Amino acid sequence: MITVNLDVLLAERKMTSKTLAQRIGITPANLSILKTGKARGIRFETLSKICHELDCQPGDILEYRENESNAL
């Protein structure tokens, strides 16, 4: 399962979702879909813009976690 840690990064940088959405050129609604993990995909261009604005790496935003029902 892929977990999106965007809320954590925004809190650490003291930035609102609305501000980030404006800076990277997407709607707050689309950013919300990404933050909640409901997005089916993300463009590398968008991911690059997020990383630039938050001064982070893609792995800081997206994290793989073993699905608890599949764990041994």
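In this predicted model, aspartate 55 is exposed, with a relative accessible area of 65%. Aspartate 55 sits in the loop between α4 and α5 (58-61), and its phi is near 50°, a positive value in a residue other than glycine. A second residue of this kind is lysine 14, whose phi is near 55°, again positive in a residue other than glycine. Lysine 14 belongs to the loop between α1 and α2 and is exposed, with a relative accessible area of 75%. As helpful background, most residues other than glycine have a negative phi.

Helix packing comes next. Two packed helices are described by the angle between their axes and the distance between the axes. For helix α2 (residues 17-24) and helix α4 (residues 44-54), the angle is about 120° and the axes are 10 Å apart. The arrangement of α2 relative to α4 is therefore oblique. The crossing of α2 past α4 is right-handed. On the α2 side, the contact is made by Leu20, Arg23 and Ile24, which meet Thr46, Lys49, Ile50, Glu53 and Leu54 of α4. In character, the residues of this contact between α2 and α4 comprise 4 nonpolar, 1 polar and 3 charged.

Helix α2 also packs against helix α3 (residues 28-35), where the axes come within 9 Å and cross at roughly 115°. That angle makes α2 roughly perpendicular to α3. Here too the crossing, of α2 and α3, is right-handed. Ser17, Leu20 and Ala21 of α2 meet Pro28, Leu31 and Lys35 of α3, and the residues of this contact divide into 4 nonpolar, 1 polar and 1 charged. Leu20 is worth following on screen, being listed in the contact of α2 with α4 and in the contact of α2 with α3.

One of the α4 residues facing α2 can be followed further. Glutamate 53 lies in helix α4 and is partly exposed, with a relative accessible area of 24%. Setting aside residues up to four places away in sequence, glutamate 53 touches Met15, Leu20, Arg23 and Ile24. Methionine 15 is 38 residues from glutamate 53 along the chain, and the C-alpha atoms of the two are separated by 9.9 Å.

Asparagine 5 offers a view of another part of the chain. Its place is in the loop between β1 (2-4) and α1 (6-12). Asparagine 5 is buried, with a relative accessible area of 14%. Leaving out residues up to four places away in sequence, asparagine 5 touches Asp60, Ile61, Glu63 and Arg65.

The cysteines complete the picture. A disulfide is a covalent bond between the sulfur atoms of two cysteines. The cut-off applied to a pair of cysteine sulfur atoms is 2.5 Å, and the count comes to 0 disulfides. For cysteine 51, the closest cysteine sulfur is that of cysteine 56, and at 4.1 Å it is too far for a bond. Seen from cysteine 56, the closest cysteine sulfur is in cysteine 51, at 4.1 Å and likewise too far for a bond. Cysteine 51 is buried, with a relative accessible area of 10%, and cysteine 56 also counts as buried, at 8% relative accessibility.

Notes
Residues are numbered from 1 along each chain as its sequence is written. This is a predicted model: local features need pLDDT of at least 70, side-chain atom pairs count only at pLDDT 80 or more; totals for chains, interfaces and linings use all residues. Side-chain values use heavy atoms; hydrogens and water are left out. Axes are lines fitted to C-alpha atoms, for helices over the stretch in contact, and angles run from 0 to 180 degrees between N-to-C directions. Helices (H or I, at least four residues) and strands (E, at least two) are DSSP runs, numbered from the N terminus. Angles under 35 degrees count as roughly parallel, over 145 as roughly antiparallel, 65 to 115 as roughly perpendicular and the rest as oblique. A crossing is left-handed if the near helix is turned anticlockwise from the far one by less than a right angle, and right-handed if clockwise. Contact means heavy atoms within 4.5 Å. Ala, Val, Leu, Ile, Met, Phe, Trp, Tyr, Cys and Pro count as nonpolar, Asp, Glu, Lys and Arg as charged, and the others, Gly among them, as polar. Buried means under 20% relative accessible area, exposed over 50%, partly exposed in between (1.4 Å probe, protein chains only).
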